[in-house]
Amino acid sequence: MNVLQVSAEIFPLLKTGGLADIAGALPGALNAVGCDVRVLLPGFASILADLEAASVLAEVTAPWGERVRVCQGRLSTLGINAYVIDSPHLYHRPGTPYEDERRQPHADNHRRFALLGWVGAQLALGLDAHWQPQVVHSHDWHAGLTSAYMAFLPHRSQRVASVFTVHNLAYQGLFAPSYFYDLGLPHEAFAVNGLEFHGLVSFMKAGLFYADHITTVSPTYAQEIQAPEQGCGLDGLLRTRRTELSGILNAVDEAIWNPAIDRQIGFNYAARNPAGKARCKAAVQQELGLQVQAEAPLFGVVSRLTEQKGLHLLLGTLQAILGRGGQLVVLGTGESALETAFMAQAALHPGVVSVRIGYDETFAHKIFSATDVTLVPSRFEPCGLTQMYGLKYGSLPLVHRVGGLADTVVDCSLEELAEERANGFVFNHFTTQALERAIGRAFALYARKSEWNLVRARGMGQALGWEVAATQYAALYQHLCA
Ligand code: ADP
Ligand code: GLC
């Protein structure tokens, strides 16, 4: 089964969030279950620099008339075959892939990401005479136009199936209607039954409307987005497509997130030999200027600092941690109001709260290795990866019961403890009181060392690898191609 994966990011070459982790892990996982996966990426500098044995596959004309080169080669870091759109003036810029240094969206984002979909569709149409995808699997709004372009391709004898995965419905890729004429889609596409959304062009809706099948990154999120509260205005469409919508739970790349072999942490350890974890904790406390106390429960946050992540709840409950002798370490970047609020807490509570604003992959690994609890109080969470990284590293996740968090964390209630299912702490209502009570449960369990150790060992031993998800994606591809 030849599968073309289309995404804007890929770990470790370019990452702003969990999308990159998934895009980086999925090709290898799918290859292991018998697929032949190639990836299509925009030619950001770090991606082009990694492309070895590169050659020009073709020059294509973008819908707005610009000629661009499509290169092919092998991503040396990942060891996978890739097509890369080589257009420095579109992709080589300061800032993030989506925003400039002043955190404003790049003014030509519609072209930068339409091109990704356009080239994806050209590959579906046979741009590479030596490799024909049977499935084109695109991710999030950046690649959303792929399915739309494919839907309007000239008829071919061999059908190519399109799959669109929603990693986060809240980011939709909305553009002014005048931009539609740049996209090279037929007029009829700019309609309610198409990619029009309240008078705007929606790349997300293009994916949702035109893909043969839609997946989300957890089963619970696939249900949640069919209702108004989390549907972001697209729940009606998603309900009409419910028979072609399913959730496949993300997984953990265990070659990268594994405390037994992780070179980015101070000391390696495993469920059966956890001693190194205490040493990691002491080292990080020392490094951050926190009081070096083995018995102080250390809570950690590794997150984008956005409204989605529910961290304002945490700011309102800090005393529930500090008042009981706990400590907090935060690594994150995002909205300046949240950055400022966390920095202020660090200044107010030296020795017990440490905050680092920024993006730092190695420090993220160190935090999971050092902390006792990983906090993920998200208001909504399509899947969430940090709660799973917490599990792997023996840092019990404390989460809001929503999306993928609900699918991966089982609360330490007495019943769940008795049935040996508990692996963390879960609160139901998105309120400071509910979060406080969950924090209270974490302290109560922490005081019962042997039970804590049992729960921690269970989490660390959980099978969170890609085998299950890869098998589910492969089965979906087979079904669509049958
Ligand atoms: P989202 O994709 O919504 O941001 P996920 O939990 O799916 O949330 O994935 C977040 C990914 O980004 C994880 O790999 C996490 O470790 C990483 N991450 C988030 N913020 C930072 C940061 N400031 N520094 C390093 N890694 C971070
Ligand atoms: C998105 C979601 C997150 C998910 C990630 C990877 O960024 O916010 O919940 O884990 O994509 O699928």
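# Exercises on two ligand sites and two domains

In this predicted model, the shell around ligand 2 consists of 6 nonpolar, 6 polar and 2 charged residues. The exercises below start from that site and proceed to the domains, to ligand 1 and to two backbone features.

## Exercise 1. The surroundings of ligand 2

Task: Determine how many residues surround ligand 2, and which side chains have an N or O atom at 2.6 Å and at 2.8 Å from an oxygen atom of this ligand.

Solution.

Step 1. Ligand 2 is surrounded by 14 residues, and the closest are His 167, Asn 250, Glu 381, Cys 383 and Gly 384.

Step 2. The polar contacts are then examined with a limit of 3.5 Å between N or O atoms. The side chain of His 167 places an N or O atom 2.6 Å from an oxygen atom of ligand 2. For the side chain of Asn 250, the corresponding distance to an oxygen atom of ligand 2 is 2.8 Å. Gln 308 also qualifies, with a side-chain N or O atom 3.3 Å from an oxygen atom of the ligand.

Step 3. Of the 310 Å² of accessible area that ligand 2 has on its own, the protein covers 93%.

Step 4. Among the secondary-structure elements, helix 1 (residues 18-32) contributes the largest share of this shell, 3 residues.

## Exercise 2. Ligand 2 and the domains

Task: Explain why ligand 2 is said to lie between domain 1 and domain 2, and describe the contact of the two domains.

Solution.

Step 1. The chain is divided into domain 1 (2-251 + 466-481) and domain 2 (275-460).

Step 2. Because both domains give residues to the shell around ligand 2, the ligand lies between them.

Step 3. The centres of domain 1 and domain 2, taken over C-alpha atoms, are 33 Å apart. In the contact, 21 residues of domain 1 meet 22 residues of domain 2.

Step 4. The size of an interface is often expressed as the accessible area lost when the parts come together. Here domain 1 and domain 2 bury about 1,500 Å² between them, with 53% of it on carbon and sulfur atoms. On the side of domain 1, Lys 15, Arg 103 and Leu 249 supply 25% of the area buried against domain 2, more than any other three residues.

## Exercise 3. The surroundings of ligand 1

Task: Identify which strand gives the most residues to the shell around ligand 1, and list polar contacts of this ligand.

Solution.

Step 1. The shell around ligand 1 holds 20 residues, the closest being Lys 15, Gly 18, Asp 21, Arg 304 and Gly 358. By class, the shell divides into 6 nonpolar, 8 polar and 6 charged residues.

Step 2. Helix 1, strand 13 (298-305), strand 14 (327-334) and helix 15 (386-392) each supply at least two of these residues. Strand 13 gives the most, with 3 residues.

Step 3. An N or O atom in the side chain of Asp 21 is 2.7 Å from an oxygen atom of ligand 1. The backbone takes part as well: an N or O atom of Asp 360 lies 3.0 Å from a nitrogen atom of the ligand, and one of Leu 385 lies 2.8 Å from an oxygen atom. Ligand 1 exposes 560 Å² when taken alone, and the protein buries 93% of that.

Step 4. Domain 1 and domain 2 each provide at least three residues of the shell around ligand 1.

## Exercise 4. Two backbone features

Task: Locate the cis peptide bond between Phe 11 and Pro 12, and state where Ala 53 lies.

Solution.

Step 1. Phe 11 and Pro 12 are joined by a cis peptide bond with omega about 0 degrees. Pro 12 belongs to the loop between strand 1 (2-6) and helix 1.

Step 2. Ala 53 lies in strand 3 (residues 51-61). Although Ala 53 is a residue other than glycine, its phi is positive, near 50 degrees.

Terms used:
Residues are numbered from 1 along each chain as its sequence is written. Chains are lettered from A and ligands numbered from 1 in the order in which they are written. This is a predicted model: local features need pLDDT of at least 70, side-chain atom pairs count only at pLDDT 80 or more; totals for chains, interfaces and linings use all residues. Side-chain values use heavy atoms; hydrogens and water are left out. A residue is near a molecule or strand if one of its heavy atoms lies within 4 Å of it. A polar contact is a pair of N or O atoms within 3.5 Å; within protein, one must be able to donate a hydrogen and the other to accept it, and residues adjacent in sequence count only if both atoms are side-chain atoms. Accessible areas come from the Shrake-Rupley method with a 1.4 Å probe; for residues, only the protein chains shown count as cover. Helices (H or I, at least four residues) and strands (E, at least two) are DSSP runs, numbered from the N terminus. Ala, Val, Leu, Ile, Met, Phe, Trp, Tyr, Cys and Pro count as nonpolar, Asp, Glu, Lys and Arg as charged, and the others, Gly among them, as polar. Domain bounds come from an automatic or database domain assignment. Contact means heavy atoms within 4.5 Å. Buried area is the accessible area (1.4 Å probe) that two parts lose on being put together, summed over both.
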